[in-house]
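Subject: Structure handover

Hello,

Here is the structure I promised to pass on. Please open it first, then read my notes below.

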Amino acid sequence: MKKLQSLPNENLSWLILPIFALILMLPFLNPEYLIRGHDTELHLNRVVGFVEAINSGQFPAKVYPNAVNGFGYGWGIFYPPLSVIVPGAFVMLGLDLDIAFKLFLWLTISLSGVFMYWLVMDISDSREQSLVASLLYITSPYFLIDVIIRSAVGEILVFVFLPVLFRGFFSLLYADRSKSYWIALGFAGLAYSHVIGLALSVMVSGVFLLLNLHRLWDWDAIRRMVVWSLVALVLSSSFLVPLMEHMLFHDYNIENMTDNEFPYQMAAYPSQIFSSEFVFNMSSPLGDFKEMPFTLGLISLGILVSGLLVFRSLIGHKLAWFYLSAFFLFGISVYLSTILFPWRQASALVFIQFPWRFLIFSAFFISLINGWIYAEINKNQIQPVAIALLSLISLVAIAPLLDIYVHEDLYFKPRYGDYRYHNFMEEKGHMYNVTFMGGTREYFPLGMEMG
């Protein structure tokens with residue numbers, strides 16, 4: 001029987017990812033209600049504030065008039081705007097708030113997969129490897145935790161722009177340097193997405209560049225790196241400049257967070273990282289957030305271990321150092337996410353609040369590595385059937401996360417609320433008319449009393 005050697009409609013194979021993203025949106029398909037994650041109300045409140053600010057004539061929208069009992073507050077100064085611009089635009093086009101938010105989440109999942117696909121295409125020129133890496137990326141448990149359980153829209157956007165940033169690094173160090181402009185777009189996208197995510201990305205990028213210093217140590221490479229970094233600063237200046245002005249000349253709670261015990265308490269346990277909530281309860285919650293499994297996923301870990309079968313192939317590979325660098329950063333990011341790291345002594349890192357945020361990078365790097373391992377194991381033999389099988393296995397592996405729409409007692413009990421825009425505006429409850437500005441009120445002036 002003749003074997004198929006490539007996917008059908010190869011130039012459009014990346015369109016599988018937005019379709020797959022619809023399956024991952026299963027918990028949000030209730031047409032009437034929206035799952036209430038940890039930060040859902042907070043970010044819906046920001047969307048409402050952004051729309052009100054634009055409608056009042058503010059541009060750019062920096063002060064959201066709905067905050068602090070209707071007094072208004074500078075959410076647009078302190079929190080990057082991309083996560084409100086997109087759903088806010090949908091609202092202004094006539095969509096209800098809940099539908100706009102769901103559409104935003106679908107776009108972020110889709111673009112995370114598509115941008116990862118394009119990165120791996122640049123690396124491997126293999127559509128099969130690109131699809132595998134992308135599917136593993138958007139089905140990584142921590143990504144779905146951010147989407148479904150945490151509603152951490154800023155971190156979700158970090159998943160979108162991290163492949164863009166590393167597409168630029170790869171072009172600069174290993175491929176066509178004329179395409180290194182992706183560095184500017186990646187950094188700028190991160191700046192407009194999540195401040196802490198940007199800071200962590202800069203740290204991880206610094207380590208990656210140090211590991212590849214032998215390739216960066218070239219005048220042309222250094223010049224391009226500096227130029228595109230400066231371009232990123234210019235592109236993101238409309239957000240970063242006002243933010244830095246306030247941080248330099250005013251005192252906010254975030255600048256006085258010195259409790260080293262808090263990040264230690266928020267760190268994951270190794271058993272939670274390397275096992276699964278879904279099998280034998282080996283990853284039973286040990287920290288304060290009992291609804292959050294921190295596993296990297298049995299599928300990803302299984303493929304990673306199977307890399308031992310093809311490790312010899314890596315030795316002579318032209319991109320051996322790139323993949324080894326990715327593996328090193330994967331290991332470091334996992335280590336930093338756990339209590340094994342001395343968080344009680346790491347005062348300089350208190351600002352990140354939750355060490356588990358390093359799992360963003362763990363998911364990114366393990367997906368890159370596993371794409372190559374899967375392709376190498378099936379070298380010249382990867383079939384569309386194999387891709388479909390991996391997709392099915394990935395869905396089975398993360399099915400409990402998707403299942404919360406049906407089984408409300410799984411992980412946490414979702415609290416549904418009617419978040420349609422007109423109802424949200426009329427609501428006199430917790431989010432709209434009181435001083436709630438985030439769980440730790442990190443951007444309130446120091447000493448401000450809560451109402």
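Start with K62. This lysine is buried, yet K62 has no salt bridge. The nearest side chain of opposite charge belongs to E245, and E245 is 9.4 Å away. A salt bridge would need a nitrogen and a carboxyl oxygen within 4 Å. Please keep in mind that the model is predicted.

So what does the side chain of K62 have close by? A polar atom of that side chain lies 2.9 Å from the backbone oxygen of S238. K62 also touches S238, F239 and P242. Its other contacts, leaving out residues up to four places away in sequence, are Y73, G74, W75, G76 and I77. As for its place in the chain, K62 sits in the loop between α2 (40-55) and α3 (75-78).

Now the overall picture. The protein has 451 residues, and 56% of them count as buried. It contains 21 helices and two strands. Take the contacts with a separation of 6 or more: 74% of them join residues 24 or more positions apart. The accessible surface comes to about 19500 Å². Carbon and sulfur atoms account for 66% of that surface.

Next, the salt bridges. Side chains of opposite charge can pair when their charged atoms come close. The structure holds nine salt bridges. Three of the pairs are described here.

- D220 with R177: the closest N and O atoms are 3.1 Å apart. D220 lies in helix α12 (residues 219-235), while R177 lies in the loop between α8 (153-174) and α9 (182-191), so this pair ties together parts that are 43 residues apart in sequence. D220 is partly exposed, with a relative accessible area of 23%. R177 is partly exposed too, and its relative accessible area is 23%.

- D220 with R223: here the closest N and O atoms are 2.7 Å apart. The two residues are three apart in helix α12, which means that about one helical turn separates them. R223 is partly exposed, at 36% relative accessible area.

- R344 with E261: the closest N and O atoms are 2.8 Å apart. R344 is in the loop between α18 and α19 (359-377), and E261 is in helix α14 (residues 261-266), so the pair ties together parts that are 83 residues apart in sequence. R344 is partly exposed, with a relative accessible area of 40%. E261 also counts as partly exposed, at 30% relative accessibility.

D220 deserves a second look on your screen. D220 pairs with R177, and D220 pairs with R223 as well. These three residues belong to a network of salt bridges that links R177, D218, D220, R223 and R224.

Last, the surface. Which residues form a nonpolar patch there? They are F311, I315, W321 and L324, with about 400 Å² of accessible area together. Two elements give two or more residues to the patch: α17 (311-315) and α18 (320-336). I315 lies in helix α17. Is I315 buried or exposed? I315 is exposed, because its relative accessible area is 58% and the cut-off for exposed is over 50%.

For a quick tour, begin at K62, which is buried without a salt bridge. Then go to the network that includes D220. Finish at the nonpolar patch that includes I315.

Best wishes

Note on methods:
Residues numbered from 1 in each chain as written. Predicted model: local features only at pLDDT ≥ 70, side-chain atom pairs only at ≥ 80, totals over all residues. Heavy atoms only, no water. Helix = DSSP H or I, 4+ residues; strand = E, 2+ residues; numbered from the N terminus. Buried < 20%, exposed > 50% of the residue type's maximum accessible area, 1.4 Å probe, protein only. Lys, Arg positive; Asp, Glu negative; His and termini not counted. Polar contact = N/O pair within 3.5 Å; in protein donor to acceptor, adjacent residues only side chain to side chain. Contact = heavy atoms within 4.5 Å. Areas by Shrake-Rupley, 256 points an atom, 1.4 Å probe, with all protein chains shown as cover. Patch = residues over 30% accessible without salt bridge, like charges linked within 9 Å, V, L, I, M, F, W, Y side chains within 5 Å.
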